[in-house]
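Please look over the model below, with its ligand in place. The report takes up the binding site, the strands and a few single residues.

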Amino acid sequence: MSSKTILNDGVALVTGAASGIGRETAFAFAEAGVRGLVFADINDQGAREAAEESKQYAKNGQYRAVAVKVDVSDEASVQSMVDATVKEFGRIDYSINSAGIGNVNPALTPDADLEVFSRTLETNIKGTMFCVRAVTRAMKEQEPLMHTSRHGTRSLGRGSIINVGSVNSYVAAPGMVSYTTSKHALIGLTKSAAIDCLKYHIRINAVCPSWVDTPMMQASLKRVPQLAQIIKAVSPLKRAATVEEVADYIVFLCSPSASYINGTGLIMDAGATLTAHVA
Ligand SMILES: NC(=O)c1ccc[n+]([C@@H]2O[C@H](COP(=O)([O-])OP(=O)(O)OC[C@H]3O[C@@H](n4cnc5c(N)ncnc54)[C@H](O)[C@@H]3O)[C@@H](O)[C@H]2O)c1
């Protein structure tokens, strides 16, 4: 086993798994030792390719990966994805909601495109709500996972859900009203779902990175060429996060090491939003 392996078993469902954070997170789950992994994306060819690639990273001898086409903004499509996962693997232990769209049309609020506003909320927040609702319905019916350590055995609960937020879940930036609104709402959804699901022992957290080097960020760099300089100036590490840095944190949040962490939204920005200036 690799030194990174921290899950002994379990089944993971990852949306947005054809690209960027979702794809890398799914690979990290394969490497961490899950037995089943569902790669869900609206881009079904990308999801199939990622599912195939994941086999080379898998550490569980029973590992199987399947790809499912989903449009997270469509409630029926999300329900089909959850039903297909339970049918294939019998349960869902880890559910990662990474499908999303970025700041596709930068504009100050007086000039914001309302169609873009609606589309962003449909995908980023309504889509996440559809996933959290359907997955918690499945999780609450399953037996908890147990963990045995040198201190004995404890329950890990019926599942762990991670919603991918953003540093824009906490701070605003000019020209980002649609994206920022959707990512702030995601924290409300995460906290509400976490408190509602205490009784089922399902943990729900959000991770909130600043810039992460993915195809979404590359598209932003094309739209706003000065962004590369902005990232260097704003990030104390003078760079965007890597997908691996985000994926490893998501796997940690699903691991036994994080069994007491619930309802949080952790900013991952190398300290960029601290009030103290970092030279
Ligand atoms: N890249 C960044 O700088 C950054 C920073 C903070 C947060 N995030 C968030 O991380 C998440 C993943 O972003 P990424 O950078 O990996 O982007 P990405 O564009 O590389 O991947 C997003 C994936 O989501 C899929 N998707 C989009 N709409 C969908 C839908 N309706 N149904 C199903 N799948 C859909 C896309 O096909 C794509 O595979 C997003 O929620 C994004 O807001 C990204």
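What follows is a short tour from the ligand outwards.

This is a predicted model, in which local features need pLDDT of at least 70, side-chain atom pairs count only at pLDDT 80 or more, and totals for chains, interfaces and linings use all residues. Residues are numbered from 1 along each chain as its sequence is written, and side-chain values use heavy atoms, with hydrogens and water left out.

## The ligand site

The ligand is surrounded by 26 residues. The closest are Ser-19, Ile-21, Asp-41, Tyr-179 and Thr-214. A residue belongs to this shell if one of its heavy atoms lies within 4 Å of the ligand. By class, the shell holds 13 nonpolar, ten polar and three charged residues. Here Ala, Val, Leu, Ile, Met, Phe, Trp, Tyr, Cys and Pro count as nonpolar, Asp, Glu, Lys and Arg as charged, and the others, Gly among them, as polar.

The table gives polar contacts to the ligand. A polar contact is a pair of N or O atoms within 3.5 Å; within protein, one must be able to donate a hydrogen and the other to accept it, and residues adjacent in sequence count only if both atoms are side-chain atoms.

| Residue | Protein atom | Ligand atom and distance |
|---|---|---|
| Val-72 | backbone N or O | nitrogen, 3.0 Å |
| Val-212 | backbone N or O | oxygen, 2.8 Å |
| Thr-214 | polar side-chain atom | oxygen, 2.5 Å |

On its own, the ligand has 840 Å² of accessible area, and the protein covers 91% of it. Such areas come from the Shrake-Rupley method with a 1.4 Å probe; for residues, only the protein chains shown count as cover. Three elements give two or more residues to the shell: α1 (20–32), α5 (177–196) and α6 (215–223). Helices (H or I, at least four residues) and strands (E, at least two) are DSSP runs, numbered from the N terminus.

## Parallel strands

Two strands pair if DSSP finds at least two bridges between them. Strand β1 (residues 11–15) runs parallel to β4, joined by four bridges. Strand β4 (residues 94–97) also pairs with β7 (residues 159–164), again in the parallel sense and over four bridges. Tyr-94 has a partner on each of these strands: Ala-12 stands opposite Tyr-94, and Ser-160 is the bridge partner of Tyr-94 in β7. Further along, Ile-96 stands opposite Ile-162. From β7 the pairing goes on to β8, parallel over six bridges. There Asn-163 faces Ala-206.

How do the side chains of β4 point? Tyr-94 and Ile-96 go one way, Ser-95 and Asn-97 the other, and all are buried. Buried means under 20% relative accessible area, exposed over 50%, and partly exposed in between (1.4 Å probe, protein chains only). In β7, six of six residues are buried. Gly-159, Ile-161 and Asn-163 point one way from β7, and Ser-160, Ile-162 and Val-164 the other.

## Two buried polar residues

Asn-205 sits in strand β8. Asn-205 counts as buried because its relative accessible area is 0%. A polar atom of its side chain lies 3.1 Å from the backbone nitrogen of Gly-263. The side chain of Asn-205 also makes a polar contact with the side chain of Thr-264, at 2.7 Å. Beyond four places in sequence, the contacts of Asn-205 (heavy atoms within 4.5 Å) include Ile-161, Asn-163, Thr-190 and Leu-253.

Thr-120 belongs to helix α4 (residues 114–139). Its relative accessibility is 1%, so Thr-120 counts as buried. A polar side-chain atom of Thr-120 is 2.7 Å from the backbone oxygen of Val-116. Leaving aside neighbours within four places, Thr-120 is in contact with Ile-101, Ile-125, Ser-178, Tyr-179 and Ser-182. Tyr-179 is also among the residues closest to the ligand.

## Exposed and partly exposed positions

Leu-114 is in α4 as well. Leu-114 is exposed because its relative accessible area is 65%. Its C-alpha atom is separated by 27 Å from that of Gly-22, 92 residues apart along the chain.

Most residues other than glycine have a negative phi. His-201 has a positive phi, near 60°. His-201 lies in the loop between α5 and β8 (202–209), and is partly exposed at 32% relative accessible area. Lys-238 also has a positive phi, near 65°. Its place is the loop between α7 (227–234) and α8 (243–254). With a relative accessible area of 46%, Lys-238 is partly exposed.
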